[in-house]
Amino acid sequence: MSEQTQEEGRSPARRVVVVGAGMAGVQTAVALREQGFDGTVTLIGAEPHQPYDRPPLSKAVLLGTAEGSAFDVDFESLDIELRLGSEALGVRPADHELDTETGPVPYDVLVLATGAEPIRLPGAEGVPGVHLLRTLDDAERLRPVLARQHDIVVVGAGWIGAEFATAAREAGCAVTVVEAADRPLAGALPAEVAAPMTAWYADSGTELRTRARVERVEPGAVVLDDGSRLPADAVVVGIGARPATAWLAGSGIELGMHGEVVADVHLRTSVPDVYAVGDCASFPSGRYGERLLVHHWDNALQGPRTVAANILGGVTGEPPAVYDPVPYFWSEQFGRFVQYAGHHTGADTTLWRGDPAGPAWTVCWLREDRLVALLAVGRPRDLAQGRRLIEAGTPMNPRLLEDPARPLKAATA
């Protein structure tokens, strides 16, 4: 909030505009009301649909067991104005105006929550049968493909690729997953941790081809760089996502090396009266000593509470809240529930609990005998206890930690 606004104390007349109607945007608007904000709140979304949650798209919506995943939020009763089907085009901070397809929108405080957009496969745009899976429209286009039990090639063995392959196999499709790296989840997990997951593909009847690069996509086929040709009635691309921030060019809002909005510990951007939250923003973590860019649902759920508190704090004089979460996400794939908490890159020790060839096991990462991250497969209790231990910075006993029969909370030093 500007100094002028603070001096005038115009709380009832203040205007907060939130750009992006996904989880981060919706939760920011809701948190403002829950925390007592009494000014105007406008939520702007590029899609025409009622705001919806994304995780069900790769399962229930895709398989036709749910028609949609709209948030259970009564925007009218919360006095949140929805402007849907209106894409943001730019920001003019000096004028305190957001430019949209439907005209300029003035703001006192602006929140950027535009999320991330899928990376497209070069050369595949415009080829019939090539799909992404990010929006409700994407899922609805893919639903009849699964219903017809087509031969499907998935490009990318990351989280979304594995989840889509799981749904496609459940629908009875023949599925081949091609991955340029030597293992699944190469960008997310160390080789020794991802290695056991390779067998999950074969167990489900999915063919996994690693070290396989796509040379080109043709109607009805994917051609790899070794010359092999994979029949494909449909191709689903899941090779990652990037922050949806290209529209901010020329705004003066600082972007980072991945194109994300650079936010501070309070989720404020480099220009006054503008915050950023969710997949489109990175933030410095005191807990982990580095800047984090987290593309996961929980970050889009937790960050808005900090943003709302800091917007209200500008009126009440409360000290600004700091955002420094323990990142968390989950994935359901090939009959397994996979959960991850923390950030493992700074760890100096890796410990295993249980046999990775079995149905349930956990990997723990420690730094100086303190738990900094863990991956739990079919062990939700480990995840719940471990997340609390990470938050508390509790010293652990590595010898006790390796005993899978011992609760994590009983493996402290």
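These questions and answers walk through strands, cores and a helix of a predicted model.

Residues are numbered from 1 along each chain as its sequence is written. Local features need pLDDT of at least 70, side-chain atom pairs count only at pLDDT 80 or more, totals for chains, interfaces and linings use all residues, and side-chain values use heavy atoms, with hydrogens and water left out.

Colleague: Is strand S11 largely enclosed or exposed?

Modeller: Strands (E, at least two residues) and helices (H or I, at least four) are DSSP runs, numbered from the N terminus. Buried means under 20% relative accessible area, exposed over 50%, partly exposed in between (1.4 Å probe, protein chains only). In S11, residues 174-179, 5 of the 6 residues are buried, so the strand is largely enclosed.

Colleague: Which strand does S11 join through 5 bridges?

Modeller: Two strands pair if DSSP finds at least two bridges between them. Ile152 stands opposite Val175 in S11. The partner runs parallel to S11 and spans residues 151-155: strand S10.

Colleague: Which strand does S11 join through 4 bridges?

Modeller: Val178 stands opposite Arg209. The two strands run parallel, and the partner covers residues 207-210: strand S12.

Colleague: How many residues has the largest nonpolar core?

Modeller: A nonpolar core is a set of buried Ala, Val, Leu, Ile, Met, Phe, Trp, Tyr and Cys residues joined through side-chain atoms within 4.5 Å. Ile152 is among those with the most contacts inside the largest one. Contact means heavy atoms within 4.5 Å, and Ile152 touches residues including Leu146, Phe164 and Val236, not counting residues up to four places away in sequence. The core's count is 95 residues.

Colleague: How many residues has the second, separate core?

Modeller: This core includes Trp247, Leu248, Val274 and Ala281. Its count is 19 residues.

Colleague: What distance does helix H9 reach from its first C-alpha to its last?

Modeller: H9 covers residues 380-392, 13 in number. The expected span is 1.5 Å times one less than the number of residues. That gives 18 Å for H9, and the model comes close, at 19 Å.

Colleague: Which strands do the buried residues of H9 pack against?

Modeller: Asp382, Leu383, Gln385, Gly386, Leu389 and Ile390 are buried in H9. An α-helix has 3.6 residues a turn, so residues three or four places apart point the same way. The buried residues of H9 pack against S22, S23, S24, S25 and S26.

Colleague: Which residue just after H9 takes a positive phi?

Modeller: H9 ends at residue 392. Just after it, phi is about 65 degrees at Gly393.
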